[in-house]
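Visitor: I'd like to learn how to read pockets in a model. Can you walk me through it?

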Amino acid sequence: MGNNGRFDATFSVVIRVTFLGTAASRPTVGRNVAALAVQREGDLMLFDCGEGTQRQMMRHGTGFGIGAIYVTHMHADHFLGISGLLRTLGLQGRQEPVELFGPPESRPALETAAHLGVERIPFKVPIRELAPGDAVPRSGYRVVAFAVDHGVQAVGYALVEDDRLGRFDAERARALGVPEGPLRGRLHRGEPVQVDGRVVRPSDVVGAPRPGRRVVYTGDSRPCAGTRETARHADLLVHDCTFSEEEAVRARETYHSTAAGAARTARKAGVRNLLLTHVSARYADNPRALEQEAAAEFPGARVAHDGLVLEIPFSESLD
């Protein structure tokens, strides 16, 4: 039962984001290379899988129940961990498939990574290339690829939940004589019911459908229209912040973002929360300057660190 006597069972669905690697290009003492674990109920997925990701998964307690790996682009720091992770899963006796997804033209490199140094994988590893706009449908959500700007074949990914049922107004249902129990459940699912010879329709007690949550991950990218459009009103944007504004020219040349540029993107998109990742080694031990720069454009922006865990609430709990 939510606020004001309104029922919303979807609040029990957990989305948990764990940062496994937040360094740019190479690991540092405190940061591993790119990897982000996202758990939604029973589904565990990785976005990028840099070298050493399997150890980070053990260290930060995500478990190995991984179902899919989504690679943003084929730079080594974003996919070299696939070989070791798949080998570990095989040695553990895994039988279920692990799906690999990547941008256009990524299949040859992903196939090599999947089988490099692996004598035998006792499970299937289907590989699929995703162009901007392609989606992977799942139960209750989908993962959508979107266009980013990194100078090579690259995509970002958005986890987009299906629309939720509207709010169920228990007080209104009570006034209409609908008893607690199965009849209210049928109404909330969109079915009319009869009460004392009268028809009570879902529109009498259920509000309009509400959007689900949206988590957006850019991988490496300069600020761009694809990110702004996909991240509009997102609950979380995870954005490249390789450089500070002092290195803005370098950021443009290498198709990366500054912290301020990422924050401006978040502000224009109207996101609820911004976490910055892919931190250059020059800032790895002291990211405060990046955080301050971003916060000036988007209050509350933070630079992520390895092991940071964030649960994504529904928007009502933030209002």
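Guide: Sure, starting with the second largest pocket: helix H8 (248–253) and helix H9 (259–269) each give at least two residues to its lining. Helices here are DSSP runs (H or I, at least four residues) and strands likewise (E, at least two), numbered from the N terminus. This is a predicted model, where local features need pLDDT of at least 70, side-chain atom pairs count only at pLDDT 80 or more, and totals for chains, interfaces and linings use all residues. Residues are numbered from 1 along each chain as its sequence is written, and side-chain values use heavy atoms, leaving out hydrogens and water.

Visitor: Which helix supplies the largest share of that lining?

Guide: H8, with three residues. Among the lining residues are Arg-222, Glu-245, His-256 and Arg-264.

Visitor: How is a pocket found, and what is the volume of this one?

Guide: Rolling a probe the size of a water molecule over the atoms shows where empty space is left. A pocket is an open set of points on a 1 Å grid over the protein atoms alone, where a 1.4 Å probe fits, with protein on both sides within 12 Å along at least five of seven lines; lining residues have an atom within 4 Å of a point. The second largest pocket has about 150 Å³, while the largest has about 210 Å³.

Visitor: Which residues lie nearest the centre of the largest pocket?

Guide: Pro-211, Gly-212, Arg-213, Arg-214 and Asp-235, out of 15 lining residues.

Visitor: And is Ala-23 buried or exposed?

Guide: Buried (under 20% relative accessible area, 1.4 Å probe, protein chains only), because Ala-23 has just 1%. Ala-23 sits in the loop between strand E2 (15–21) and strand E3 (35–40).

Key: Grid points are joined across faces, edges and corners, and a volume is the space filled by probe spheres set on the points. Buried means under 20% relative accessible area, exposed over 50%, partly exposed in between (1.4 Å probe, protein chains only).
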